[in-house]
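Biologist: Could you walk me through this structure, please? I would like to hear the reasoning behind each label.

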Amino acid sequence: MVVGERIFLDPVLRTSSGGRVFERSLLWSSSDTSLFSVDNSGGVEALDAGSAVVGVEVSEGVGDEVAVSSRWLNFASVAAGLFHSCGLGTDQATYCWGRNDVGQSGPARGFAPCGGVPCRRAPGAVPSTVSFTQLSPGFQDTCGLAVGGEAYCWGTNGAGQLGNSSVAETDLPLAVSGGMLFESLSVGANHTCGITSAGAAHCWGANNWSQLGTPKETLSHSQVPVAVSGGMTFASVASGEAHSCGLDPDGAAFCWGWNWWGQLGNDSVTDSAVPLAIPGGLVFESLTSGAHHVCGLTQDGKAHCWGRGREGQLGTDPGTFGYNSVPEEVTGGLTFQSLDAGALHTCGVAVGGTAYCWGSGENGRLGTGDETGGILPVAVAGDLVFNSISAGQEHTCGSTTGGLVYCWGSNLDGQLGILNLGDHDTPQLVIGQPH
């Protein structure tokens with residue numbers, strides 16, 4: 001358990017002769033009430049880090065006890081996916097929370113239903129024999145980059161997006177086939193891309209829009225990594241719903257895959273199976289892909305976005321057709337140190353640590369205290385100082401300079417990690433952290 005978490009114990013009691021005791025008048029106790037409280041229904045809440053014994057007795061004198069332990073969580077980073085979130089502990093342990101219908105948040109034990117769908121309302125450890133340096137939650141899967149550069153993925157796998165030579169889903173991290181060592185990973189809707197230590201781009205999973213960087217006519221999907229066409233060298237990659245973009249070592253951006261909303265940024269809406277250069281001569285420090293839009297951070301800290309913008313996620317007026325097919329600078333003149341694009345919103349951490357979000361405000365995903373959206377970046381409420389931010393489908397999470405993780409927005413599937421369900425339009429502290 002993590003501190004602040006509440007679990008329910010449902011004992012099976014037997015007499016000394018082995019018969020079941022069905023009486024439901026139970027007397028619960030905790031050996032250390034400063035660490036764990038327990039109520040008459042068997043609800044145990046961790047109040048502080050430590051270990052204790054929870055006991056239960058019935059009128060016949062039959063009883064049992066169980067050891068319980070709890071710990072504080074210390075996060076190094078956090079990342080938001082479709083309806084789940086994952087955090088990397090300072091000890092490189094992996095924790096996920098939110099929806100878990102296909103194992104995207106790890107093993108099912110301890111998971112509770114959220115509206116009939118399996119979920120985790122508080123961070124739960126994802127068992128693994130390796131330690132990760134980067135996590136990338138996608139739509140219904142998660143991938144991690146191990147300390148040695150190996151890629152591991154877990155969750156849904158119908159299109160081979162876990163890259164492990166199968167289409168079977170798993171709730172435990174499995175190594176991506178091929179033994180390649182990666183420098184970065186990015187998970188899209190049904191595909192994943194990675195950049196190897198040599199700078200080569202490889203992708204795996206669905207290829208219905210040529211998002212793997214190879215023609216869809218010759219490859220419908222791949223259960224193992226395949227090289228992106230063109231033999232280019234990349235420094236990083238960012239994957240969206242059915243497109244990907246890469247940044248070369250000189251800071252030039254290239255995109256491939258689906259282009260219905262101009263998300264390839266090449267002044268067209270024609271799909272491409274090969275990386276196409278984004279015109280304009282912009283030199284980027286980083287790229288981030290949402291579902292149907294992309295944003296880049298230039299060397300001078302200016303944010304530029306392109307693709308679908310009907311909900312304001314580009315930070316600019318998308319015009320009559322609701323999209324921009326070339327990069328345009330985000331309104332407001334802010335200087336950013338990082339950006340992250342979600343489905344219908346975008347967020348960034350400005351120089352100084354203030355977080356700003358723009359786009360759709362539904363469910364409170366902008367964190368501004370209401371559900372108002374638009375193209376103008378608005379500061380996240382609470383005067384928190386962030387070092388990173390991650391935008392998901394309908395929620396957002398951020399890590400502060402004080403080492404705490406907060407989430408806000410939709411919480412239908414427990415993706416805010418606060419135990420209770422219900423949306424929040426201001427940052428909420430993820431459960432289990434010292435404060």
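Modeller: Happy to, and please keep in mind that this is a predicted model. Let's take an open sheet of 4 strands, ordered E30-E31-E32-E33 with antiparallel pairing.

Biologist: What makes strand E30 (336-341) and strand E33 (374-379) the edge strands?

Modeller: Each of these two pairs on one side only. Between neighbouring strands of this sheet, the average turn is 20°, with direction ignored.

Biologist: How do you know that E30 and strand E31 (residues 345-350) pair?

Modeller: Pairing needs at least two bridges. E30 and E31 are joined by 5 bridges, so they count as a pair, and they run antiparallel. On E30's partner, E31, Val349 stands opposite Ser338.

Biologist: Now to the loops. Why is Ser210 called buried?

Modeller: The word applies under 20% relative accessible area. Ser210 has 6%, so it is buried. Ser210 sits in the loop between strand E20 (201-206) and strand E21 (221-227).

Biologist: What is notable about the phi of Ser210?

Modeller: Its phi is near 65°, a positive value in a residue other than glycine. Most residues other than glycine have a negative phi.

Biologist: And why is Leu419 called buried or exposed?

Modeller: The relative accessible area of Leu419 is 18%, and the cut-off for buried is under 20%, so Leu419 is buried. You will find Leu419 in the loop between strand E36 (405-409) and strand E37 (424-429). Leu419 also has a positive phi, about 75°, although it is not a glycine.

Terms used. Residues numbered from 1 in each chain as written. Predicted model: local features only at pLDDT ≥ 70, side-chain atom pairs only at ≥ 80, totals over all residues. Heavy atoms only, no water. Buried < 20%, exposed > 50% of the residue type's maximum accessible area, 1.4 Å probe, protein only. Axes fitted to C-alpha atoms, helices over the stretch in contact; angles between N-to-C directions.
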